[in-house]
Each structure stands twice: as C-alpha cells, then as structure tokens.
Amino acid sequence: MNKELLKRWVKQPPRNPLIQYLRDAEKDIAINYLDHDDLIVDLATEINLSKFINKKIIRLDASKESSDFAKSLNVNSIKEYSYFNPQKPKFTIKDNSVDVIVSLGPFDWHFLNIPETINECRRILKKGGHLIFSVPTRNSSYCSEKNMKKFRYYHLPTLINDVSSWGVIQNLGLIYQPHKYSYLLPNWIQKLFISYCNFKTKNYTKNRKITKAGYAVLDVNFPEYKDYLDKALNSLFRPLKQNGFWKKNHISRGLIFDENLNWCEDKENKNRYAPFTLLGVMNWRKTNDVKIYDSKIQSTLNFYKEYITQGNICKIPSYGLGPLLYAYVVSYSLYKIADYQKLAKQIVTYLESNSKVNTSEDALILIGISEYCKVFHHSAQTLNKWYKFILKKQNKVGLFLFDNPTTKRHQNQMYVCWGLMSAAQVLNKSLKPIEQCLNYTIQNRMLDDGGIIWEDLNFFDKSKLWLLTKVGRKEPYWQFFFECHQTFFANTILNYYLAGGKKNYDSELNKALNWIFGNNKLNKDLVQLSQIGVPMRMIDINGEYRIKRQMFKGTYEIGAYILALNNYIRWFRK
C-alpha cells in the first residue's frame with residue numbers, strides 16, 4: 001500500500017480537458033444522486049467533490065498521512081476527519097448514523113478489502129441510506145494488462161450481478177470515455193469534444209449501455225427487510241376497504257386490480273390461498289413475541305375450525321391442508337387452546353387415512369405432519385413412508401417428477417423441497433437432494449439479475465406453446481417473472497440453512513430477494529409499485545405487470561413473502 005499515492009489521491013493535480021471531463025462527469029452524477037441527505041461520508045474521494053456539497057461531511061481517508069493532508073486543505077463543508085486501514089477497514093463512525101456514503105475512486109484499488117468495506121458501509125448507514133461509488137470498466141481506454149496490475153477494471157455486467165447479491169441498484173450512471181489517443185491532442189481541440197462527451201454520457205445512461213461505458217457510478221441501497229415485513233403484516237390484516245386482505249373474520253383469498261391499479265376483493269371462493277398464508281404468519285408469530293395480530297390470527301383459525309367441523313375437510317386441498325395443520329400445531333403451542341390440538345389431530349388422522357403423495361403440491365403435507373410429530377411426539381412412520389416415496393421421484397438432474405403436468409415448474413419443485421426439509425429434520429436425513437434441486441434451479445432457471453423463470457422449456461415445448469399463445473389458448477408463461485417464485489426459492493435456501501445445510505447460497509439468496517426490491521426489468525421496487533404494502537404479483541420480460549388473468553394478488557403469495565422475510569431476519573440475526 002503506497003501511502004504517498006494515497007496522499008496524492010486526496011488532491012489530484014490539474015490535467016488536460018478530457019481527463020477533467022471524466023472527473024467532472026463522475027462528480028456531477030454523484031451529486032445528482034444526493035437527495036435531502038443531512039450527513040454524508042466522503043470515503044477517500046478526491047477532495048474537490050466536497051467543495052461542491054453544501055452538507056455536513058465526515059471525511060474518511062485510507063491513511064493518517066492522507067487524512068492530515070486533507071485536513072490541511074481547509075474545506076468548509078468537512079466537519080470531521082478520520083482514517084481507516086483499507087485492508088482491514090473499521091470506520092470510526094457509529095452504527096446507523098449517516099445518510100449517504102460517496103466514494104469516487106477507491107473501488108479501483110487492489111488493496112481495498114471490498115467485502116469488509118461494504119459491511120462497514122452497511123453498518124454506519126441509516127435506514128434508507130445509500131452508497132454511491134464509481135468504478136472504471138474494462139471498456140476504459142486506460143484498461144490494459146499493465147494498468148490492470150495497478151488498478152481494478154470491472155466487467156460491468158458481472159459487477160452489476162455481484163452488487164445484486166448485497167444491495168439494490170437505485171441509479172446507474174454510465175460515462176463515455178474517449179479514445180486514449182485523444183488525450184494527446186492540444187487542449188484547445190480537446191475542449192471542442194467535451195460537449196459531445198457529455199452528450200454520449202447522457203445517452204449511455206438513459207439507454208443503459210453497460211457494455212460501452214468506460215466508467216460507471218452506482219447508487220446502491222441496502223433493503224430493510226424488517227420494514228418490508230412490518231408493511232406486509234399490516235397489509236394482510238388491514239380491512240378490504242383499505243386495500244388490505246382482512247375480510248370480516250378471516251384472511252381473504254386475495255385482491256384484484258384494474259388497468260389504473262384500483263384494487264378490490266377477489267371474490268372467487270376457494271379454500272386454497274388463505275390456509276397457505278397461515279404457514280408464513282404462524283412461522284412469524286412462532287419466532288416473534290408480538291401479539292398485535294393475535295385476535296385476527298385466532299379468528300382465522302376459528303373460521304377454518306368451523307369449516308372443518310362442518311365436514312368440509314375433504315374440500316381443502318393438500319396445498320392448504322398441510323400449512324393449515326402446521327398453523328394449528330404452532331397455535332396450540334402459543335395459545336394452549338385445546339380445540340387447536342383436537343383440530344390438528346383430526347387433520348393428521350384424515351391425512352394418514354386418506355392422502356397419497358401423487359402431485360408435487362402434496363409434499364406440503366409433510367410440513368404439517370413434521371411439526372405435529374415434533375410437538376406431540378407422534379409416530380413418524382407415515383412421514384417416513386412419504387419421505388421415501390418422494391425421494392424416488394427425483395431424477396438425475398435434481399428435479400422431482402410427479403404425475404401432475406405442472407410438476408417441472410419452479411414452484412412445484414420448491415414445494416417438494418420444503419416438505420422434504422421439514423421431514424428430514426424429524427427423520428434425521430441428508431439434505432443432499434435439496435442441494436441437487438437448488439443447484440439445478442440456479443444453473444438453469446436463475447437469470448443474472450436474480451429473476452427466476454417459471455420453467456426452462458426445451459425448444460419443442462416452447463414452440464408448441466408459442467403456437468397456442470398465437471391462437472389465444474395459452475399464456476406465454478415462460479416470459480413471466482413472479483414475485484412469489486423469488487420467495488419460494490429464498491425459502492428453500494433459508495429452510496436449508498435452518499435445517500443445518502452447510503453449502504453457501506448467500507449470493508443467490510440475496511439476488512433472488514433483491515430482485516423484488518429493484519434489481520429487475522423495471523428497476524423498481526415491486527412493493528412501491530403495488531401501492532398496498534406487498535409486492536406486485538409479477539412482471540413479464542418487457543417489465544409489464546398488467547397481464548390478462550394475472551391482475552391479482554393472492555394471499556398465498558403474501559404468506560410465502562412473510563415466511564421468506566422472517567426466516568431471512570432469523571438466520572442472519574443468528
């Protein structure tokens with residue numbers, strides 16, 4: 001680490017017009033990304049940036065010498081000076097205390113420990129705070145084998161992919177850099193090109209030309225999952241009249257919306273969605289001593305208790321019955337209401353006598369049965385039988401293939417994984433089958449931005465379905481990205497971790513969730529898009545969300561969303 005170099009970095013000497021254009025372009029983009037931020041950390045940026053920011057600034061340099069030099073320059077807006085070791089960064093700033101961090105230049109340094117720097121930035125930022133940093137790309141005219149030994153030059157698509165594993169890119173400025181030989185021109189000629197360079201930079205940024213930019217400025221924030229979780233719970237238990245999902249005495253099926261995003265109740269009468277929702281709700285309540293929604297939770301449980309005691313248990317599919325059993329078992333543990341234990345026993349008796357695992361969705365039964373076995377020390381004989389039967393359905397590449405025609409689809413694969421993991425904890429079984437399915441999903445169904453496709457179709461099947469879409473018989477579902485598919489995948493990873501899984505899927509997990517909050521085709525937070533506190537149901541490959549027969553939000557999606565956020569908070573808190 002060259003301390004003299006770090007000192008020179010604080011105040012760089014004047015250069016020719018086109019090099020100054022690059023510096024100004026970085027600075028102008030960064031300043032444009034500053035909003036109403038009160039406290040800013042300048043992380044070792046060239047000091048001229050601070051002169052243009054009329055805010056309170058804390059300056060962090062990468063050595064004592066460079067910090068002392070910066071202090072000697074007497075920039076009025078800088079109120080505090082400090083320094084850190086770039087190889088083992090620990091900032092002398094309190095947790096959750098600053099609004100924004102700006103760092104133009106240091107991410108070029110090979111000696112900067114970037115993962116630890118990101119962790120420190122996350123630590124000191126307030127909720128909603130953001131990190132603005134710049135990087136040179138492999139398209140930079142400075143990029144050469146010789147210079148790559150001195151500085152980092154990023155393949156921008158790869159960097160964007162990497163960033164999506166830890167944050168959400170709110171803004172991306174893309175800077176045009178002229179050819180290296182243009183710097184040899186006389187200064188008066190260089191000045192003639194600056195307007196053109198600025199035009200190209202605006203064009204690159206507007207049209208997101210990530211493969212052409214020589215430099216990039218990224219504005220990244222860190223999702224606050226606890227806030228999203230609180231909003232989702234509020235939405236779920238808010239009355240229908242207030243664009244919530246609470247209907248008199250129970251959780252409703254869902255909401256539908258029109259072209260203008262006006263929401264109203266989905267009145268289709270099926271006992272499928274709300275019972276599934278209870279899986280997420282009761283998982284949250286089991287691990288959080290928060291009683292604010294207890295009366296409505298019990299009201300929903302009593303609604304289904306009455307429905308079942310009236311002889312309607314056979315009308316609830318396995319998709320709802322497995323999660324509903326889980327809900328009654330957890331509720332008995334929490335509230336000690338004897339009727340909930342009786343209902344749980346009735347459901348178990350019915351399932352063990354009448355149910356078979358014929359479809360992927362039937363695997364959700366194992367979640368409820370497993371919880372019942374753990375809490376009431378029930379025999380795991382039937383659970384073990386179903387577990388072994390499901391394992392035989394896994395093919396060589398890791399997919400579970402049942403008789404239902406939709407068995408290969410992403411959500412069905414994740415349901416099977418959930419059921420198997422619940423059973424594996426009771427039966428003390430290996431998690432290798434889960435790893436196989438996750439690996440297949442990551443390799444074949446997850447895109448670079450973290451979006452997960454419904455199904456990876458072969459050419460013949462895709463051609464056949466394409467023809468059916470042309471005559472109005474089918475929807476082009478392979479072009480759809482569903483928010484719930486992201487949380488189904490996230491829940492599989494999180495349940496794998498909580499079950500003792502050792503393989504690291506953190507990057508894929510964060511990419512999947514951050515897709516929901518902005519790293520998607522629309523570059524928008526799907527929660528903000530819906531305007532009701534939970535994510536919009538889906539978008540297609542063009543970023544459209546007003547899709548025929550998809551303009552609704554089912555409460556089962558909210559249940560999976562709550563489950564993912566709660567398990568994420570549990571795991572990373574642990």
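Before I start, one definition: a residue is called buried here when its relative accessible area is under 20%, and exposed when that area is over 50%. Please also keep in mind that what we are looking at is a predicted model.

With that in place, let me begin with strand S1, which covers residues 39-43. Five of the five residues in this strand are buried, so S1 is largely enclosed by the rest of the structure. Both of its faces are covered, with Leu39, Val41 and Leu43 buried on one side and Ile40 and Asp42 buried on the other. As for what stands beside S1, it is joined by five bridges to strand S2, residues 56-61, and the two run parallel, while three bridges join S1 to strand S4, residues 98-104, again in a parallel arrangement. Valine 41 is a good residue to find on the screen, since it stands opposite isoleucine 58 in S2 and also opposite isoleucine 101 in S4.

Now let us step back to the sheet that holds this strand. In what order do the seven strands of this open sheet follow one another? The order is S3-S2-S1-S4-S5-S7-S6, and the pairing is mixed. The edge strands are S3, residues 78-83, and S6, residues 168-175, each of which pairs on one side only. On average, and with direction ignored, neighbouring strands in this sheet are turned by 15° against each other. At the S6 end, seven bridges join S6 to strand S7, residues 215-221, and these two strands run antiparallel; there, leucine 172 stands opposite leucine 218 in S7. Helix H5, residues 114-124, packs on the sheet and touches S1, S4 and strand S5, residues 125-136, with its direction making about 150° with that of S5.

Another helix to look at in this part of the model is H7, residues 156-163, whose buried residues are Leu156, Leu159, Ile160, Asn161 and Val163. Among the elements that cover those buried residues are S5, S6 and S7, together with helix H20, residues 506-516.

Let me turn to a second sheet, which is also open, and in which three strands follow the order S11-S10-S14 with antiparallel pairing. Its edge strands are S11, residues 263-265, and S14, residues 552-554, each pairing on one side only. From one strand to the next, the twist averages 25°. Strand S10, residues 254-257, pairs with S11 over three bridges in the antiparallel sense, and isoleucine 256 stands opposite cysteine 264 in S11. Lying across S10 and S14 is helix H22, residues 555-573, which runs at about 55° to S14.

Next comes a single residue, alanine 232, which sits in helix H9, residues 225-236. Is alanine 232 buried or exposed? Its relative accessible area is 0%, so it counts as buried. If we leave aside its neighbours within four places in sequence, alanine 232 is in contact with Gly533, Val534, Ile558, Tyr561 and Ile562. For the last of these, the C-alpha atoms of alanine 232 and isoleucine 562 are separated by 6.9 Å, although the two residues are 330 apart along the chain.

Finally, let me say something about the aromatic residues, for which a search of the whole structure finds 37 aromatic pairs. In one of them, the rings of phenylalanine 303 and tyrosine 304 have centres 5.1 Å apart and planes at 85°, so the pair is edge-to-face. Phenylalanine 303 counts as partly exposed because its relative accessibility is 25%, whereas tyrosine 304, with a relative accessible area of 3%, is buried. Tyrosine 332 and phenylalanine 376 form a pair that is tilted, at 5.5 Å centre to centre and with 45° between the planes. This pair links distant parts of the chain, 44 residues apart, with tyrosine 332 in helix H12, residues 318-335, and phenylalanine 376 in helix H14, residues 365-376. Both tyrosine 332 and phenylalanine 376 are buried, and lysine 336 lies over the face of tyrosine 332, at 5.4 Å from the ring centre.

Elsewhere, the charged end of arginine 409 sits over the ring of tryptophan 454, 4.6 Å from its centre. Tyr273, Phe276, Tyr319, Tyr415, Trp418, Phe488 and Tyr556 form one aromatic cluster.

Conventions. Residues are numbered from 1 along each chain as its sequence is written. This is a predicted model: local features need pLDDT of at least 70, side-chain atom pairs count only at pLDDT 80 or more; totals for chains, interfaces and linings use all residues. Side-chain values use heavy atoms; hydrogens and water are left out. Buried means under 20% relative accessible area, exposed over 50%, partly exposed in between (1.4 Å probe, protein chains only). Helices (H or I, at least four residues) and strands (E, at least two) are DSSP runs, numbered from the N terminus. Two strands pair if DSSP finds at least two bridges between them. Contact means heavy atoms within 4.5 Å. Rings of Phe, Tyr and Trp (its six-membered ring) pair if their centres lie within 6.5 Å; planes under 30 degrees apart count as stacked, over 60 as edge-to-face and the rest as tilted. A charge sits over a ring if NZ of Lys or CZ of Arg is within 6 Å of the ring centre and within 35 degrees of the ring normal. Axes are lines fitted to C-alpha atoms, for helices over the stretch in contact, and angles run from 0 to 180 degrees between N-to-C directions.
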